[in-house]
Amino acid sequence: MQAKHVHLDVQRVTMRCLGLFGLLENKPSEELVKQLRVSFVKAPPPISVVACKALIDLAMWHGPQEVDKAMGQTLSSHLHEGNGNLNFSDFEGDPNFELLDLLYAGLNSGKHIKYLDNDENESVEAVLGEGFAKILLLSESYRSIPDSLLPFLLSKIISLYFSNDSKDLQRLQQCLSVFFGHYPSLSANHKRCLSKAFIPVMRSLWPGIDGNSGGSSFMVSNMRKRAIQASKFMLQMMQSPLYGKESELRDGNSSEELQETICNPVQLPLECGEEGLAIRIAQEVMNFPTKKNAAEKSYVSALCKILVLLNFRASEQGAVKLMRKLLNYVAASASADKDLVKEFNQMVGLLKGIDSNPDQELTQDQATSILRGLDLDLNLDDRVPAPQLQTPAPCTVKRRRATARRRVRHENTSSSDEEKSPSSVQYAVPATVPGSISTRSQRASKTVALTKLTSNKNNPKIDEDDDEEEEDSEVISEHDSESDGGDEFES
């Protein structure tokens, strides 16, 4: 079975027919699978796109394990071993690697990330992104896929979604936006996978980390903005509630209708909740040395800003005590940022408030048990003790009263100063009539009289009787009446 022809259109049709033929078979044949794998690796982009679609369809129809069995030999996998750094050039000779390793490496291929104007702007990158999204949504139906492999696939498509190279792939962007809107709320295992994928995504997007190229200051700034946007996006997915399924009968019909309901977040295990993600971020920050370069400082700062936004449940007492201990090391690593240290102090206060026994410390065995449940290796006994964070002291009643008295005295002093100052006196500007000079002089005299009266009232050293005030008011009223009469006469 060969797919060689001079015209690329004929080869594409041949690949499409091979994919449809594989779906009709009870089990995929060895010759068909080998032909599709070779075409995916070595063929030009138009042929590789169709071969990629055919391989994904076969994997979802028969299962990835059945497609690998069709090769008739034992296949190895780097993803099962925890190695996600796969180079597509290693697959040029079609070595003995499993299908998901081959497809995963296809996202790291530069020559296959090209647009096809004659086929709706599709690319190998877009086809693989959609395929991995489908596999992740239906991961519980493919028991042959190990759970350790799913975080690699998820981190890859998140990085692809925020990559600058995929911003013009509109179909892929639309597909992944719908995928991310439902994936974290369908299952607790999906949140576990998302928690494990958080750090790999940040490392793959941040410039200057893990060998990522930087470039000009403008490019580095844009890359950091995209990474921060991705971190907030993943935080939003982690905090989204789960959907449960319940059946209800409506209108007396016998058919059951599934309705989405929000599950109680307390039911989530530690590794699926925000506590597990907080511990992972804390360990990532602690892995960096005290002296950091500019890229490492900005990376640690971005992680810490996400850490302080995570919530802890009172039911996870072990995680609360462990996080109280880890925050001392995290704050020491980010001590240059005073605002972050303040937020860490507030977080310590919140954790202490939900700790049922704050005076009891967590033992190393208990901490090791929690870390092993998160697949983390961290020994706090081998580290130099970090300085303790200061819990914000509550404001006492006496301090509040003293502050209130000082505030009242300050307000009274400032108001009296304003009244005594000449700049605080408000002067009313009279309306002028052309040719009425005498009116201006009379009104100016009235203004002076009002000013003297105001200064006399504000002067605490002068005590006036009620009779004198009445006489002054009568004098002013008579003066006003005369001035008004003069105005009428002149007008």
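**Note on the predicted model**

1. Cysteine 175 has a relative accessibility of 25% and therefore counts as partly exposed, since buried would require a value under 20% and exposed a value over 50%. Like every value in this note, this one rests on a predicted model. Cysteine 304, by contrast, has a relative accessible area of 0% and is buried. As for pairing between cysteines, a disulfide is a covalent bond between the sulfur atoms of two cysteines, and the structure holds 0 disulfides.

2. The nonpolar interior deserves attention next. The largest nonpolar core has 115 residues, and those that touch the most other members are Phe40, Leu154, Ile279, Ile281, Met323 and Phe344. Helix 3, which covers residues 45–62, gives the most to this core, with 10 residues. For one of these members, leucine 154, the surroundings can be listed: once its neighbours within four places in sequence are left aside, leucine 154 is in contact with Leu136, Phe179, Phe180, Tyr183, Cys193, Leu194 and Ala197.

3. Nonpolar side chains also appear at the surface, where Leu137, Leu138 and Leu186 make a patch of about 230 Å². Leucine 186 is placed in helix 8, which runs over residues 170–186, and with a relative accessible area of 39% this leucine is partly exposed.

4. Turning to charged residues, it may help to recall that side chains of opposite charge can pair when their charged atoms come close. The count for this structure comes to 11 salt bridges. One of them joins glutamate 130 to arginine 171, with the closest N and O atoms 3.3 Å apart. Because glutamate 130 lies in helix 6 and arginine 171 in helix 8, this pair ties together parts that are 41 residues apart in sequence. The two partners differ in their surroundings, for glutamate 130 counts as buried at 13% relative accessibility, whereas arginine 171, at 48%, counts as partly exposed.

5. Which residues form salt bridges with aspartate 355? Lysine 321 is one partner, the closest N and O atoms being 3.1 Å apart. That pair links distant parts of the chain, since lysine 321 sits in helix 13 (residues 317–333) and aspartate 355 in the loop between helix 14 (338–354) and helix 15 (364–373), 34 residues apart. Arginine 324 is another partner, and here the closest N and O atoms are 2.9 Å apart. This second pair likewise links distant parts of the chain, from arginine 324 in helix 13 to aspartate 355 in the loop between helix 14 and helix 15, 31 residues apart. Aspartate 355 has a relative accessible area of 5%, which means that this residue is buried, the limit being under 20%; lysine 321 is buried too.

6. Elsewhere in the chain, Arg203, Asp210 and Glu284 are linked in a network of salt bridges.

7. A last residue to look at is glutamate 125, which is found in helix 6, covering residues 124–137. Is glutamate 125 buried or exposed? Its relative accessible area is 5%, so glutamate 125 is buried. Glutamate 125 and aspartate 165 are 40 residues apart in sequence, while in space the distance between them, C-alpha to C-alpha, is 9.7 Å.

Technical notes
Residues numbered from 1 in each chain as written. Predicted model: local features only at pLDDT ≥ 70, side-chain atom pairs only at ≥ 80, totals over all residues. Heavy atoms only, no water. Helix = DSSP H or I, 4+ residues; strand = E, 2+ residues; numbered from the N terminus. Buried < 20%, exposed > 50% of the residue type's maximum accessible area, 1.4 Å probe, protein only. Disulfide = S-S within 2.5 Å. Patch = residues over 30% accessible without salt bridge, like charges linked within 9 Å, V, L, I, M, F, W, Y side chains within 5 Å. Areas by Shrake-Rupley, 256 points an atom, 1.4 Å probe, with all protein chains shown as cover. Salt bridge = Lys/Arg side-chain N within 4 Å of Asp/Glu carboxyl O. Core = buried A, V, L, I, M, F, W, Y, C linked by side-chain atoms within 4.5 Å. Contact = heavy atoms within 4.5 Å.
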